[in-house]
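User: I'm new to this structure and would like to learn how to read it. Could you walk me through it?

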Amino acid sequence: MENKLKIIFLDRNTVGPFELKEIFSKYGEYTEFNLTNDDDVTSYLKDYDVVILNRIRLGKKEFEQAKHLKLVLLTGTGFNHIDLVAAKEHGVSIANVAGYSTNSVSQLTMTFLLNELTKVEKLSQKVKENKWNELSVNMDNYYHVDTEDKILGILGYGNIGQKVAEYAKSFGMKVMVAKIPGREYTDNSDNRYDLDEVLEKCDIFSIHAPLTDLTKDLINLDRMKKMKKSAIILNLGRGPIINEEDLYYALKNNIIASAATDVMTTEPPKNDCKLLELDNFTVTPHLAWKSQKSLERLFAAIENNLNLFLENKLVGVESK
C-alpha cells in the first residue's frame, strides 16, 4: 500500500479538542466525523484504507462493506467492541494502545475513593443549600472515614491496578488483589486471593479488569451480598463487569454502602436508568483516560502503530 492513505476518524468528538489534522494529513487524505453507533457507519467506510475510532462498534456487516479497509486504529486499550474474527477474515489489522492513561485513570480512582470516604461533593452541596450550621452540629451522616488501615480490594492488577495499589498504600491502606475465577496465574505473587475472600474482607473494591467472558457479570448480587454493608465499589474497568440490575438492588437495599463508576453497560445510560436515581451512586462519563498528558501519549502511540503497519511490523491485537 502506498503511503498516500485515505484515513477517517469516525467518532472524533470522543477525544476532545486535540489537534489531529496535522498528525494524520501527512499520510494522505484525512477526514473526521462525530458519529455514534446510531449512525449508519457502513456508509462512511467504503472508500477508506484506515479507520480511527474510540467507541464505534465494528462487526461483520461493517467489515464486509469496507472493501478498501486495511487497518483500524483504536484510540484506547479495550477492543471488545470490535469483531476480531470478522476483521481477520477480511484482512483488516486492529491496533490498540495500552498504558497511555495509567496515571489519569488511577487519579480518578483515588478521587472516587476519597470522595466516597469524605463526602466532599455532598457536603459542598449542603453548604450551598445554607446548611453549614446544621452540618456542624449533626455529623452523623457525613463524618469522614479514614483511609488508614482500610482494605482495598483490586480486580485487575495490570499497570492501573498496580498504580492504584501504590497510591492506596501511601494513604495507609492495605491491598488485596483478587483472582479472576477461571483464569490461570503464572506469577508467584503472594498478594493474590480468591475473589470471594477479597469481597468479604475489603472496605473498598476497585475494578480495573478488561471485559472478557470471565469478567462479564462477575460482580453480581450473590457476590455483593458477601461484602460488608459499609463496602464501596469503584468501577474503572468496563460497565458489564458489574450486573447493573443487581447493583441497583444492592444499593437500594443497603446491601453495600455506595458505588462510583466511570463506565456503564450502556453508554450513555438510558434516561430511565434506575441507578441514576440513587444518592449513593456516583457516575462520570467514561473520561478517566482523558487527561492532556494521556492524549499526547495516546496519539503518539497511534501514529507509531500506523507507521509500524506501513513498515509491515505491526503485531496488533488478535482474537483468542
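Analyst: Let's go from the overall build to the inside. Keep in mind that this is a predicted model.

User: What does the secondary structure of the protein chain come to?

Analyst: Start by tallying the regular elements. Here the protein chain has 12 helices and 12 strands. Next, compare the radius of gyration with a rule for globules: the value here is 22 Å, close to the 20 Å the rule gives for 320 residues, so the chain is as compact as a globular protein of that length. Along its principal axes, the C-alpha trace spans about 70 × 50 × 35 Å.

User: How do I read burial, and what share of the residues is buried?

Analyst: A residue counts as buried when its relative accessible area is under 20%. In this chain, buried residues make up 47% of the 320. As for the outside, the accessible surface is about 17000 Å², and 46% of that belongs to carbon and sulfur atoms.

User: Which residues touch the most other members of the largest nonpolar core?

Analyst: Think of a core as buried nonpolar residues joined through their side chains. The largest one has 45 residues, and the top spots for touching other members go to Ile-7, Leu-20, Phe-24, Phe-299 and Leu-306. Take Leu-306: leaving out residues up to four places away in sequence, its partners include Leu-5, Ile-7, Phe-24 and Tyr-27, along with Val-50, Leu-71 and Leu-73. There's also a second, separate core of 33 residues, with Cys-202, Met-224, Met-227 and Ile-233 among them.

User: And how far apart are the mean positions of the positive and negative charges?

Analyst: Average the places of each kind, then compare. For the 41 positive and 47 negative charges, the mean positions are 1 Å apart.

How values were computed: Residues are numbered from 1 along each chain as its sequence is written. This is a predicted model: local features need pLDDT of at least 70, side-chain atom pairs count only at pLDDT 80 or more; totals for chains, interfaces and linings use all residues. Side-chain values use heavy atoms; hydrogens and water are left out. Helices (H or I, at least four residues) and strands (E, at least two) are DSSP runs, numbered from the N terminus. The radius of gyration is taken over C-alpha atoms; the globule rule is 2.2 Å times the number of residues to the power 0.38. Buried means under 20% relative accessible area, exposed over 50%, partly exposed in between (1.4 Å probe, protein chains only). Accessible areas come from the Shrake-Rupley method with a 1.4 Å probe; for residues, only the protein chains shown count as cover. Lys and Arg count as positive and Asp and Glu as negative; His and the chain ends are not counted. The place of a charge is taken as NZ of Lys, CZ of Arg, CG of Asp or CD of Glu. A nonpolar core is a set of buried Ala, Val, Leu, Ile, Met, Phe, Trp, Tyr and Cys residues joined through side-chain atoms within 4.5 Å. Contact means heavy atoms within 4.5 Å.
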